[in-house]
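Hi everyone, thanks for making time. I'd like to walk you through a structure that may be new to you, so pull it up and follow along.

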Amino acid sequence: MICSELSDCKIGRMIFPGGRINYEKRVVERMIRFYCIHREGNRELCPECRELLAYAVVRLDCCRFGDRKPVCKKCPVHCYKISMRERMRCVMRYAGPRLLWYRPLDAFGHLLCRLRLFGGR
């Protein structure tokens, strides 16, 4: 079943409590934290990762698609600067597959969005 509106979909509300944008913010923060701690060996977010997180949150707040936002890879509008997009790709390449073990529900929610379920395009 493909849900056109998260608010009309019981499963969508369970997976994305607080809306899709808030869910994306939480997942991006978890990915960046995971990358910074496990890949870079920091105990807390380094200045570069803090900058990337702040940039990602601002971009999500300004997303013109709102809760019907597709995953960034499939979005028709690339709102990230090229340098930030490349940094985020590095984070996602490292943290994404590993989240399957550490945060399986986040990985599952992201997979559903990529498969065009729950408003993903």
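**Starting from the core**

Okay, let's begin on the inside. The largest nonpolar core has 22 residues, and the ones touching the most other members are Ile32, Cys49, Met88 and Val91. Helices α2, α3 (47-61) and α4 each put at least two residues into this core. Which helix gives the most? That's α2, with eight residues.

Stay with Val91 for a moment. If you ignore its neighbours within four places in sequence, Val91 is in contact with Met31, Ile32, Tyr35, Leu52 and Gly96. There's also a second, separate core of five residues, and Ile21, Leu60, Cys63 and Phe65 are among them.

Before I go on, a quick reminder that what you're looking at is a predicted model.

Now zoom out. The protein has five helices and zero strands, so to speak an α-α-α-α-α run when you read from the N terminus on. There are 121 residues, and 40% of them count as buried. And look at who touches whom: of the contacts with a separation of 6 or more, 69% are between residues 24 or more positions apart.

Back to α2, residues 20-39. How far apart are the end C-alpha atoms of this helix? They're 27 Å apart, and that agrees with the 28 Å you'd expect, because 20 residues at 1.5 Å a residue should span about that. Plenty of α2 is tucked away, too: the buried residues include Arg20, Ile21, Tyr23 and Glu24, and further along you'll find Val27, Val28, Met31, Ile32, Phe34, Tyr35 and Cys36 buried as well. So to recap two names you've heard: Ile32 is one of the best-connected members of the largest core, while Ile21 belongs to the second one. Then, just after α2, Gly41 takes a positive phi of about 75 degrees.

Last stop, the outside. The protein exposes about 7700 Å², with carbon and sulfur atoms supplying 56% of that. On the surface, have a look at Leu100, Trp101 and Tyr102, which form a nonpolar patch with about 450 Å² of accessible area together. Leu100 sits in helix α4, residues 82-102. Is Leu100 buried or exposed? It counts as exposed, because its relative accessibility is 51% and the cut-off for exposed is over 50%.

That's my tour, and I'm happy to take questions.

Notes:
Residues numbered from 1 in each chain as written. Predicted model: local features only at pLDDT ≥ 70, side-chain atom pairs only at ≥ 80, totals over all residues. Heavy atoms only, no water. Helix = DSSP H or I, 4+ residues; strand = E, 2+ residues; numbered from the N terminus. Expected span 1.5 Å × (residues − 1). Buried < 20%, exposed > 50% of the residue type's maximum accessible area, 1.4 Å probe, protein only. Patch = residues over 30% accessible without salt bridge, like charges linked within 9 Å, V, L, I, M, F, W, Y side chains within 5 Å. Areas by Shrake-Rupley, 256 points an atom, 1.4 Å probe, with all protein chains shown as cover. Salt bridge = Lys/Arg side-chain N within 4 Å of Asp/Glu carboxyl O. Contact = heavy atoms within 4.5 Å. Core = buried A, V, L, I, M, F, W, Y, C linked by side-chain atoms within 4.5 Å.
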